[in-house]
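Here is a short briefing to read alongside the model. Have the sequence and the 3D view open, and let the bullets guide your eye from the overall fold to single contacts.

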Amino acid sequence: MAASSLEKVYKEIEVVQNSGCDVHKLIGSEVTHSTMIESLAKSSWIHFASHGHLDTEQPFKSSFELHDSARFTVLDLLKANLPNAELAVLSACHTAAVDQDNIPDEGISLAAGMQFCGFRGVVGTLWAMDDHIGPVLAKEFYKKMIHPENQNKPVDFKDAAKALKAVTKEMRRTEELKALHCWVPLVHIGA
C-alpha cells in the first residue's frame with residue numbers, strides 16, 4: 001500500500017521486488033478489503049508497507065490502512081482462512097503494540113492477529129516507525145532470508161529471527177540509523 005504520506009514506501013516496494021522473491025504487489029486503489037483477503041489466502045509470505053493503527057479502546061479494531069483510508073482490522077485477519085501462512089513482515093507503525101495500561105495481560109495486536117490466523121513468524125513494530133526505516137528493513141531482512149550464507153539451504157520462514165537480528169546489527173552500525181528509536185521497535189514473534 002503506497003500512501004502519499006509514506007514517501008519511502010515506493011523504495012521499499014522496489015527493494016522487496018528485487019529481493020529474489022516471487023512478488024505479487026498491491027498498490028494504491030488495488031488495496032481493498034477483498035484483494036487483501038484474496039492475496040493473504042494465496043500467499044505464504046506477506047510484506048505490509050502501510051500505516052498501522054493501534055485502537056486502545058477496541059484492540060480487535062487495530063488495523064492496517066488500505067486505499068482511501070479504509071481499514072483492515074485484527075478481526076478481519078481472524079476471520080480469514082489462510083492455509084499457506086508462514087511469514088508476515090509488518091512494515092507499519094504499532095503492529096506489535098498493545099495497550100499496556102488498560103489490557104496488560106491480554107494484548108491483541110496486529111502481529112498477534114497474524115499469528116492467530118496462521119502465520120508462524122511475524123516481524124512487527126512496538127511503536128511508530130520512521131518512514132525511512134522501511135527500505136532498510138526490507139533490504140537487510142530479505143538479503144539475509146533469500147541469500148543465506150549456506151546457499152544449499154532452502155529459504156525458510158524459521159530464519160526470520162536471525163534475519164531481523166542481522167537488520168538491527170546493520171542499523172546499529174549505520175550512523176543515521178543507530179539511534180534507539182530506529183531499531184529498538186523492530187521485533188520478531190513466533191517460530
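What follows goes from the whole chain to the sheet, then to one buried side chain, the salt bridges and a patch on the surface.

This is a predicted model, so please read every value below as computed from predicted coordinates. The protein has 191 residues, of which 47% count as buried, and its secondary structure comprises 7 helices and 7 strands.

**Overall picture**

- In sequence order, the helices and strands follow the pattern α-α-β-β-β-β-α-β-α-β-α-α-α-β.
- Among contacts with a separation of 6 or more, 72% join residues that are 24 or more positions apart.
- The exposed area of the protein is about 9,900 Å², and carbon and sulfur atoms supply 50% of it.

**The four-stranded sheet**

- An open sheet of 4 strands has the order β1-β5-β6-β7, with mixed pairing.
- The edges are taken by β1 (45–49) and β7 (186–190); each has a single partner strand, so one side of each lacks a neighbour in the sheet.
- On average, neighbouring strands here are turned by 15° against each other, direction ignored.
- β1 and β5 (residues 87–91) run parallel and are joined by 5 bridges, with H47 standing opposite V89 of β5.
- β5 also pairs with β6 in the parallel sense, this time over 3 bridges.
- Within that pairing, V123 in β6 is the bridge partner of V89.
- Helix α1 (residues 9–17) lies across β1 and β5, and runs at about 165° to β1.

**Inside the sheet: strand β5**

- How many of the residues of β5 are buried? The count is 5 of the 5, so β5 is largely enclosed by the rest of the structure.
- In a regular strand, side chains alternate between the two faces of the sheet.
- Both faces of β5 are covered: L87, V89 and S91 are buried on one side, and A88 and L90 are buried on the other.

**A buried phenylalanine, F141**

- F141 belongs to helix α5 (residues 133–146).
- Is F141 buried or exposed? With a relative accessibility of 0%, F141 counts as buried.
- Leaving aside residues up to four places away in sequence, F141 touches L87, V89, V123, A160, A163, L164 and V167.
- Two of these contacts, L87 and V89, are on one side of β5, and V123 is in β6.
- L164 is 23 residues from F141 in sequence, yet the two C-alpha atoms are 6.0 Å apart in space.

**Salt bridges**

- The count for the protein comes to 6 salt bridges; three of them are described here, beginning with E86 and R120.
- E86 and R120 have their closest N and O atoms 3.8 Å apart. E86 lies in the loop between α3 (74–79) and β5, while R120 lies in the loop between α4 (110–116) and β6 (121–125), so the pair ties together parts that are 34 residues apart in sequence.
- Both partners are partly exposed: E86 has a relative accessible area of 24%, and R120 has one of 41%.
- K143 and E140 form a salt bridge with the closest N and O atoms 3.1 Å apart. They are separated by about one helical turn, because they are 3 residues apart in helix α5.
- K143 is partly exposed, at 42% relative accessible area, whereas E140 is buried, at 11%.
- E175 and K178 form another salt bridge, with 3.2 Å between the closest N and O atoms.
- E175 is exposed, at 58% relative accessible area, and K178 counts as partly exposed, at 42%.

**A nonpolar patch on the surface**

- Which residues make the nonpolar surface patch of about 370 Å²? The patch is made by F60, L75, L78 and F116.
- F60 sits in the loop between β2 (52–53) and β3 (63–65).
- With 40% relative accessibility, F60 counts as partly exposed, whereas F141 in the interior counts as buried at 0%.

Methods. Residues numbered from 1 in each chain as written. Predicted model: local features only at pLDDT ≥ 70, side-chain atom pairs only at ≥ 80, totals over all residues. Heavy atoms only, no water. Helix = DSSP H or I, 4+ residues; strand = E, 2+ residues; numbered from the N terminus. Buried < 20%, exposed > 50% of the residue type's maximum accessible area, 1.4 Å probe, protein only. Contact = heavy atoms within 4.5 Å. Areas by Shrake-Rupley, 256 points an atom, 1.4 Å probe, with all protein chains shown as cover. Pairing = 2+ DSSP bridges. Axes fitted to C-alpha atoms, helices over the stretch in contact; angles between N-to-C directions. Patch = residues over 30% accessible without salt bridge, like charges linked within 9 Å, V, L, I, M, F, W, Y side chains within 5 Å. Salt bridge = Lys/Arg side-chain N within 4 Å of Asp/Glu carboxyl O.
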